[in-house]
Amino acid sequence: MHETISNAIPDPNAGAQARRALVRGTMLHWSHWLVVGCSLLLTFGAWYISDQQVKEKNRLEFERQAEQAVDLVVERMQLYENALWGGVAFIDASDSVVTHASWNEYAESLHIERAYPGINGIGVIFNVTPAGLPTYLARERATRPEYSIHPEHNQSEFWPITYIEPEAPNRMAVGLDMAFETNRYTGIKKARDTGTAQVTGPITLVQDSKQTPGFLFYAPFYRDGAKPSNLDGRRSQIVGVTYAPFIMSKLMQGTLSSGNRQVQVKISDGPDLLYDDALSENDSQTSVDPTPLFSTVLEVEMYGRIWSFSIDSNTAFRTTYQSSQPLIILFGGIIIDIMLISLFFVLVRANRRALSYADDMTVELQHQSDLLAKSNQELEQFAYIASHDLKEPLRGMSNHARFLLEDYEGKLGSDGAKRLKRMTVLADKQERLIKDLLYYARLGRTEDARRVVDINLKIEDVRERLHELFAEQNVALTCDDNIPQIHCDATKAKIVLYNLILNGVKYNNSQVKKIHVGFLPQMQQGKIVHENVLYVQDNGIGIPKEFHEQVFRIFKRLHNEKEYGGGTGAGLTIVKKIIDLHGGSIWLQSSKGEGTTVYFTFGK
């Protein structure tokens, strides 16, 4: 307690230094103006850097949006490719030649309008040789008498569109022979020869009334579902292709939502223009920026063709990313500089007030310091008196009572002798109470000499000290074999074990008094998990649950001295304080008549 109070006394040197700091703070110095100048310099530097960062950020955002637009087109084409290969799988899985009715059912199951936006339809093109043409026509006209192949051409084979769903908007394409036109024919032969999905060069679909650029997408299938590994095999076993027709403007409308885009897109296949936002009939026309902030060209391999994406930022990009942040930083920095100057003046005034308050507090603190020093001195004197002067009269009273008993026991009578004996007992008890109280008060006044302690050795020390008591009371002390070394104060650990073992012997009326010291690597107490738990277990009289907390109070006894010896009642209190000082925990498990187990830890 004395140490705690003395630590609270303020350092006079620290007070003087604080006062000098306050005096310096009552006026503006060159350092304040340096701060303002540096702040202005930082403001203009931050404005310039911010302006450059905004430009770089906008450039990166444009590149991200440009790549995203290309990625959306590529992903959409991959989706259509999956649909075509799904058609190939359906044909390969069919037991016979796919008919108009079965293809219609398959196409309806795809829900093209919802699942594949931007696609004009999905169909089948068979490869027909001149020798097989009559059989082919007979088969198709059996269900569609009006079916015919058109237009005429001079190629050595036929690639007619046999089925296309939905058929109504694509009716003009039914029977159209892909061999009649170079781009269509080249694309289908390339799909056949490579065994991969391919797109044609730019074409105009016969079903497109506006005659805008478009293309066809092919996926080949071979006889009996085979996947030939060489060119000759693919050419000899080709049966046909699944295909999808696309109008480029419709594809882009389904792929890129112009209302949300901040870039304008133009797509070319070589010299041929496929799509241009500026020419499309949608909202993107109104957002075209005649002087775009950023532009880029990205070339993408698209199923056998090279598509060139020319991408410019549009007016929406300019509006969204035209940042006023640099100007805000500039004006904000100037305002902050003005506020800094104002703050310096306010601080100067506040420091003057603080200096006056500090002077007043110095006088008060000095007075409190004198009082604390006097209190500490009185506490030291009390500790000396309690440890020496109070115990000395008690020893004198006890000794004189014993002398009277020795010299005048025969003259005092039984009642007088009894009273003198009682006096010696009470004096001895009072001395023990003072001794325990002083020990309890001194706990924590000095630092623990903590080290790695062999608990087994401390148990043996207790066994040796209580050897005679163990023999007299028929005590059996045992311990676990797995008790590890614990980091703690060795002397205090011995005091803990001594008090707990002694209690187990003292409050025990069994013929054989069994005391066991054990160890648990881990134990859960409610929601708390404890590590390295020691325990002392006895087969004594036990402690009722309502007294589990009270037994740790100083001088708290649950039994009178005649029943269970003359202890002071401070043992468990001292034990708990030692455990608390180590940062550990202590608790009981006990019921009346069922023995007691005291669990404790010495912290981490």
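At 18% relative accessibility, Asp193 counts as buried, because the limit for that class is under 20%. This value, like the others in this report, comes from a predicted model. The side chain of Asp193 meets that of Arg235 in a salt bridge, with 3.1 Å from N to O. Since Arg235 belongs to helix H8 (residues 231-237) and Asp193 to helix H7 (residues 182-194), the pair ties together parts that are 42 residues apart in sequence. Arg235 itself is partly exposed, with a relative accessible area of 44%. The two residues also belong to a network of salt bridges in which Glu157, Arg192, Asp193 and Arg235 are linked.

The count of salt bridges in the model comes to 18, and the table sets out some of them with their N to O distances.

| Salt bridge | N to O distance |
|---|---|
| Arg59 and Glu56 | 2.4 Å |
| Arg139 and Glu140 | 3.1 Å |
| Arg235 and Asp193 | 3.1 Å |

Where do Arg59 and Glu56 lie? Both are found in helix H3 (residues 30-93), where they stand 3 residues apart, which is about one turn of the helix. Arg59 is partly exposed at a relative accessible area of 28%, and Glu56, with 36% relative accessibility, counts as partly exposed as well. In the salt bridge of Arg139 with Glu140, Arg139 is partly exposed, with a relative accessible area of 36%, whereas Glu140 is buried, with a relative accessible area of 1%.

Helix H3 also takes part in a contact with helix H4 (residues 100-110), and the axes of the two come within 11 Å and cross at roughly 140°. That angle makes H3 oblique to H4, and the crossing of the two helices is right-handed. On the side of H3 the contact is made by Ala83, Gly86, Gly87, Phe90 and Ile91, while H4 contributes Ser102, Trp103 and Tyr106. Sorted by character, the residues of this contact divide into 5 nonpolar and 3 polar, with no charged residue.

Another pair of helices is formed by H13 (residues 455-465) and H15 (residues 490-506), which pack at an angle of about 50° with their axes 9 Å apart. With that angle, H13 is oblique to H15, and H13 passes H15 in a right-handed crossing. Which residues of H13 meet H15? They are Ile455, Lys458, Ile459, Asp461, Val462 and Arg465, and their partners in H15 are Ala490, Lys494, Leu497, Tyr498 and Ile501. The residues of the contact of H13 with H15 divide into 7 nonpolar and 4 charged, with no polar residue.

Further along the chain, helix H17 (residues 571-581) is mostly covered, and 8 of its 11 residues are buried. The buried residues of H17 are Gly571, Leu572, Thr573, Ile574 and Val575, together with Lys577, Ile578 and Ile579. Just after this helix comes Gly583, which takes a positive phi of about 80°.

Note on methods: Residues numbered from 1 in each chain as written. Predicted model: local features only at pLDDT ≥ 70, side-chain atom pairs only at ≥ 80, totals over all residues. Heavy atoms only, no water. Axes fitted to C-alpha atoms, helices over the stretch in contact; angles between N-to-C directions. Helix = DSSP H or I, 4+ residues; strand = E, 2+ residues; numbered from the N terminus. Parallel < 35°, antiparallel > 145°, perpendicular 65-115°, else oblique. Left-handed = near helix turned anticlockwise from the far one by under 90°. Contact = heavy atoms within 4.5 Å. Nonpolar A, V, L, I, M, F, W, Y, C, P; charged D, E, K, R; others polar. Salt bridge = Lys/Arg side-chain N within 4 Å of Asp/Glu carboxyl O. Buried < 20%, exposed > 50% of the residue type's maximum accessible area, 1.4 Å probe, protein only.
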